[in-house]
Structure formats: structure tokens, C-alpha cells
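Welcome! Below is a short guided tour, meant for someone meeting this structure for the first time. Please keep the view open as you read.

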Amino acid sequence: MAYPKSIRIVDVSPRDGLQNIKQAVSTETKVALINKLELAGVKDIEVASFVSPKWVPQMADAAYVLSALDLNTSTNYAVLTPNAKGFERALACGVKEVAVFSAASESFTKKNTNCTIDESLKRIEDIMRPALDNDIRVRGYVSCVLGCPYDGYISTEKVSYVTKTLIDMGCYEVSLGDTIGIGTPLKAKLMLEEVLKNVSAQQIGLHFHDTRGQALANLLACLEYGIASIDASVAGLGGCPYAKGASGNVSTEDVVYMLHGMGIETGINLEKLAVAGQYITSQIGISNNSRVGNVLG
Ligand code: HMG
Ligand code: MG
């Protein structure tokens, strides 16, 4: 067990961070946020989702966001797609990576995507074939890996099963979502140990929400297993509209501060990253939930 030398940070603030915001956020503001993240050296950004605009109106302008980005830069822009229709919309925009999502909880899957886990996996299969044919990378998410707002307890075997299924289908990586930030470090380790019985640490990302202030501790516990991919959101923005009680992702500034303090590289400039967090919170008129972001602000 050793910490990795460098870690890939996937900033999900333009998608996870803004999908749950009540205030209207203009396309220009979203694009400015993405550009500021890039200026800070963030190389992987989840920029939008092509879900139903009736379900998540905040993401209705996804195609406009994409059209304002130069898709030929070295930044890896990913978009979330729930079904074949969302994938086709993303493909028409020229994306090179999509993220698909399922969960380890039946009730959450029903609330979030109006289907069962098996049906969500079937929808993902419908995305996977055309994605691989078009050389589009596919990243997977498993939600509710440490607990569900509706079903409560989630078995680690179920998390492991859905993760392995996504990898077998062709996802290059699966990000494990503590959607409602309910986990604690030992539970996170036990869950991860079960998952790593079937897939390698290089195939896993961590996507921890910070509802109860446990996300950094949970990440640290899991990093010992060699995980080298972390999702985070500037200013700690984030939350799923269909997960009752979910709040922000762990803040990118706090994660980067911790990793740099441990001598782990991210390629990110922390001061410039904090500027992105300050920009988006002042534009929307909400408080900045990053502890480090507030120190630097
Ligand atoms: P549904 O209502 O069951 O879908 O929703 P449907 O297939 O019956 O279609 C209904 C209507 O929606 C039709 O239009 C479709 O054409 C349209 P109508 O005939 O009524 O005019 N439609 C679409 N339109 C645009 N784009 C699409 C699309 N699909 C159908 N892709 C559906 C099923 C999956 C679409 C819906 O439930 C949905 O969009 N859910 C997404 C909810 C969501 O975005 N949640 C947040 C993201 S997940 C998350 O945050 C967790 C994560 O961060 C990890 C973690 O934290 O754990 C990733
Ligand atoms: Mg999330």
C-alpha cells in the first residue's frame, strides 16, 4: 500500500456543481468557469450533462456550452449522458468522452433515472456500442456506494457488481459516488476492498460528496489502495436534485491542498484554482464552501 505520486483531478463543478443551483446560471458564466479551471491547470473537466431538460433544466444549454469550447485542446471535456438520446445529442456536439451512470441502490435509480438498475445498465449498453465505434471514451459512475437516502444500507457486493459490470462493458474507469456524503473512512475502505477484488485500482475514481464533512478523510483512507483519480468541485459546489439531502462535492481546492501537502502532484495551480471558485460563487451569489478557497480569497 502506497500513495500514488500523482493524481488526476476531475473537476465536476460545471455539471454536478451547477445542476442543483436554484439561480439561473448563464451559458457565458459556465464557459467562463470552465476557462478559469483550465487556466489553473485542470485537465479533466465534466462540463455539462445531456439529460432530459424537463428533469434538470439547469443543464438544458449543454450544447451551447460545448459549442463555446475548443474541443481540440489538451483539456479532456466530459459530459454526462443517461441514455441513447443523450448520447446522440453529445455526439452531435463532437465530444470525445461521455460519462454514464448507474447506482447500487434501486430506489435512487428509480428516482434519478426512472428505471431499475438492470434497465440503467441496458441503457448504458446502448451508449457503449456507438461510443466505442466512434472512439469516444466512456467513464462510468456508481452512485450511493456508501448509503442511499431512500434504501439506507447498501451492500458492498452490490457496489462491486455494478462497478465490474461497467468495466466489463468497456468503461475505462468507474467513479464511486458517495452521493449523499454519508460514509466514514473505515466503511469507505471496506467498500473499496470489495470493489478491488474484481477490478484494479487504476480503473477506479472516487467521487465523494461532503455533506457531513467526511470526504477528505474518506479520500485519504482510500488513497492508500493506490487510487489515482479523484472527482471534486471548486468551491464545494454540487448535489444531485434526486438525492434527498445531498449537498456539495468535496472542494477541489481542499483536495489539491491536501495532495500537494502530501507531495502528490496534480498539475494544478492552487491560487488560480481558488480564483475559479471565487468567480463562480460571486457570480451566483452563494457562499464559498471550500475551506482553502476561503483562506486564499
Ligand atoms: P423519462 O421521463 O423516463 O424518459 O426520463 P423517457 O425516455 O420516457 O422520455 C421522456 C421525454 O424526455 C421524451 O420527450 C424524451 O424525448 C425526452 P417528450 O416526448 O416528452 O417530449 N428525453 C430526453 N431529452 C433530452 N435528452 C435526453 C432525453 N431522454 C429522454 N437525454 C431520463 C428518463 C433518464 C431521461 C431522466 O430520468 C433524466 O434525464 N434523468 C437525469 C437526472 C439527473 O441528471 N440527475 C443528476 C445526475 S446523476 C448525479 O448527479 C450523480 C453523480 O454525480 C454521481 C454521484 O454523486 O453519486 C453522477
Ligand atoms: Mg455527484
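## The metal site

His 207 and His 209 are both buried; here buried means under 20% relative accessible area, exposed over 50%, and partly exposed in between, using a 1.4 Å probe and protein chains only. The two histidines coordinate the magnesium ion (ligand 2) through their NE2 atoms, joined by Asp 16 through OD, at 2.1 to 2.3 Å. Donors are N, O and S atoms within 2.8 Å of the metal (3.2 Å for Na, K and Ca), and water is not among the atoms, so sites may look incomplete. Along the chain, the donors of this ion follow the spacing D-x190-H-x1-H.

A word on what you are looking at: this is a predicted model, in which local features need pLDDT of at least 70 and side-chain atom pairs count only at pLDDT 80 or more, while totals for chains, interfaces and linings use all residues. Residues are numbered from 1 along each chain as its sequence is written, chains are lettered from A and ligands numbered from 1 in the order in which they are written, and side-chain values use heavy atoms, with hydrogens and water left out.

## The barrel

Now for the fold. Eight strands form a closed barrel in the order β1-β2-β3-β4-β5-β6-β7-β8, with parallel pairing. On average, neighbouring strands of this sheet are turned by 25 degrees against each other, direction ignored. Strands (E, at least two residues) and helices (H or I, at least four) are DSSP runs numbered from the N terminus, and two strands pair if DSSP finds at least two bridges between them.

Where does β1 join β8? Strand β1 (residues 8–11) runs parallel to β8, and four bridges join them; Arg 8 stands opposite Ser 229 in β8. Helix α2 (residues 27–39) packs on the sheet, touching β1, β2 (44–49) and β3 (76–80), and its direction makes about 170 degrees with that of β2. Helix α9 (residues 215–223) also packs on the sheet, where it touches β6 (173–178), β7 (204–208) and β8, at about 165 degrees to the direction of β7. Axes are lines fitted to C-alpha atoms, for helices over the stretch in contact, and angles run from 0 to 180 degrees between N-to-C directions; contact means heavy atoms within 4.5 Å.

## Around β8

On its other side, β8 pairs with β7 in the parallel sense over two bridges, and the metal-binding His 207 stands opposite Asp 231 in β8. In a regular strand the side chains alternate between the two faces of the sheet. In β8, Ser 229 and Asp 231 point one way and Ile 230 and Ala 232 the other, and all are buried.

Past β8, the loop that leads to α10 (252–261) holds Ala 246, which counts as buried because its relative accessibility is 14%. Which residues does Ala 246 touch beyond its neighbours within four places in sequence? They are Asn 20, Thr 179, Ile 180, Thr 211, Gly 239 and Cys 240. Ala 246 and Ile 180 are 66 residues apart in sequence, yet 4.4 Å apart in space, C-alpha to C-alpha.

## Cysteines without disulfides

How many disulfides does the structure hold? There are zero, where a disulfide is a pair of cysteine sulfur atoms within 2.5 Å. The closest cysteine sulfur to that of Cys 148 is in Cys 144, at 4.4 Å, so the gap is too far for a bond. For Cys 222 the closest is again in Cys 144, 16 Å away and too far for a bond.
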